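Got your viewer ready? Load the model and let's take a short walk through some of its charged side chains.

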Amino acid sequence: MRQNLRVNGARLLARLDRLAEEGARPDGGVCRLALGDADKAGRDLVVQWMRELGLTVTIDAIGNVVGLRRGQEDGAPVMMGSHIDTVATGGHYDGALGVLGGLEVVETLNDAGVVTKRPLAVAFFTNEEGARFQPDMFGSLVFTGAMPLEAALATVSIDGRKASEELDRIGYRGPAAVGRPNVHAYVELHVEQGPTLEAEDFTIGAVEGVQGISWTEFTLTGQSNHAGTTPMRMRHDAGYVGAAIAVYARRLALEIGGHQVATVGALTLTPNLVNVVAERAVMTVDLRNTDNERLKQAERRLAAFAAETAAAEGVKLETRTLARFDPVAFAPHLVARVEAIAKELELPVKRLPSGAGHDAQMLAAICPACMIFTPSAGGVSHNIAEYTRPEDLAAGADVLLRLVAELAE
Ligand code: GLV
Ligand code: MN
Ligand code: MN
C-alpha cells in the first residue's frame, strides 16, 4: 500500500461491543437469531454506520445488505463481509468481526483520504448461522445464485415462521436483485473458532478452504407406553433409537479419523417424561470433513445404522437433509497474499482449513475468495465465552486492509 496505514483497533472494538448490545443476553453472550427482533436492531445499527461512513446501502430480496464505497473507476467492487446473525448462545465476534472489520477498513481509508481504483463493498449476509432457518448461509447462497430465491423465502424457522414473512416484518425484504452478483474478489475476516492458532502461537490464519458440511434431521416415531410395565422386548422406544444414533455418530467420527467430526446438537423427545417410553425423537446430526469421499462414507454408514436400529426397534424413521455443502478451496493466489501480508506485518501466520461454514465458501463460486482468521481463546465459539484479544482483532483487520487495498488497485 502507498501509505503504511493501520486500522484503529480501539474503534473496531468499540463497534464490536456496541453491536453486542443488540441481542445481549444477561450472561454476557449474544442471541441475534436470523430475522428476529435483535437481528433487526443489529441490522439497523450497522446500516446506520454504513451510511455515516458514506457507503451507499442496498438491500436485496433475501435481506443481504451491501454498503458500496465508490472507487476512482466504476466496476466490480472488492467485497469484504460476513454475517451479523448469531446462534442463540453466541459471542461478540463470530460474523461481526468480518463486517465491522470491513467498516474499520473503510473508515481508515476515509480518514487517510484514500480512494481506491476499484469500488469497495462491505456486506452482511442473511442467516449465515442456520440456527433458526435451514440451510445455513442461505443469504449468500441466494446472493450467488446457488439457491433459488423462492426456496429460501419459503423456508420455515424452528419457531414456525416463514423467512419471507420475517423479512417483511423486520423491513429487510429489499428491492435489489439476487443471483448474478458482480464482485471482483471477496475477503472475509473471521475468528478461527477452533484451537489451532492460539495453541501454536499464531496471530493470523491463512485459510485454505472450508470443509464439507452435511446436516441431517432424523424423526423417529415409536409408541409411548408405561416405563414400568412395558417389557423391554415389547418397546418401540424412539428415545433409545435416537440415543443409539448419537452414540454411533461419535464412534463413526473417531473410526474414520482425520478431519471427520460428528455432532448431535439437537435431540427432542416427546412426551419427555420420566416414566413414559418416548413416542417421538427429533434429532440433528452435523457431519463435516475436508475430504468429500470420507464425508460421503460417513453419511452412508450413519444412514444404514439409523435404518437398521429403527427397524429392529419397530420405530419409523424419516430423514430430511437440512444442508449439504461440498468442501471448498479458496483462491490459491489470495491465500498466498494473506500469508505474505501477515509476514510483511511481522505477524506469525499459519495456513489451515476452516472447520466452520462461512459465506466466503459461497462467494468462492463466483469470484476469487479467501479468509483471514484470528485466534479464538481456548478454541471456544458458538459459546457466550467466545473471546479474541483486541490486539489480534486489530492485526486481522490490518491484514484485511492491506489485502483489500491491494486488490482494489
Ligand atoms: C456456522 O457457524 C457453522 O459452521 O455451523
Ligand atoms: Mn461465522
Ligand atoms: Mn457461527
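Start by selecting helix α6, residues 163-170, where R169 and E166 sit 3 residues apart, about one turn of the helix. Keep in mind as you click around that this is a predicted model.

Now show the side chains of that pair. R169 and E166 make a salt bridge, with their closest N and O atoms 2.8 Å apart. Are these two buried or exposed? E166 is buried, at a relative accessible area of just 3%. R169 counts as partly exposed, because its relative accessibility of 43% falls between the 20% and 50% cut-offs.

Stay on E166 and add R161 to the selection. Here's another salt bridge: the closest N and O atoms of E166 and R161 are 3.8 Å apart, inside the 4 Å limit. R161 is partly exposed, with a relative accessible area of 40%.

Which residues belong to the network around R169 and E166? Select D37, R132, D159 and R161 along with E166 and R169: salt bridges with shared partners link them into one network.

Next stop: E22 and R18. Their side chains meet in a salt bridge, 3.0 Å from N to O. E22 is buried, with a relative accessible area of 17%, so it comes in under the 20% cut-off. R18, at 29%, is partly exposed.

Want to keep hunting? How many salt bridges are there by this rule? The count comes to 34.

Note on methods. Residues are numbered from 1 along each chain as its sequence is written. Chains are lettered from A and ligands numbered from 1 in the order in which they are written. This is a predicted model: local features need pLDDT of at least 70, side-chain atom pairs count only at pLDDT 80 or more; totals for chains, interfaces and linings use all residues. Side-chain values use heavy atoms; hydrogens and water are left out. Buried means under 20% relative accessible area, exposed over 50%, partly exposed in between (1.4 Å probe, protein chains only). Helices (H or I, at least four residues) and strands (E, at least two) are DSSP runs, numbered from the N terminus.
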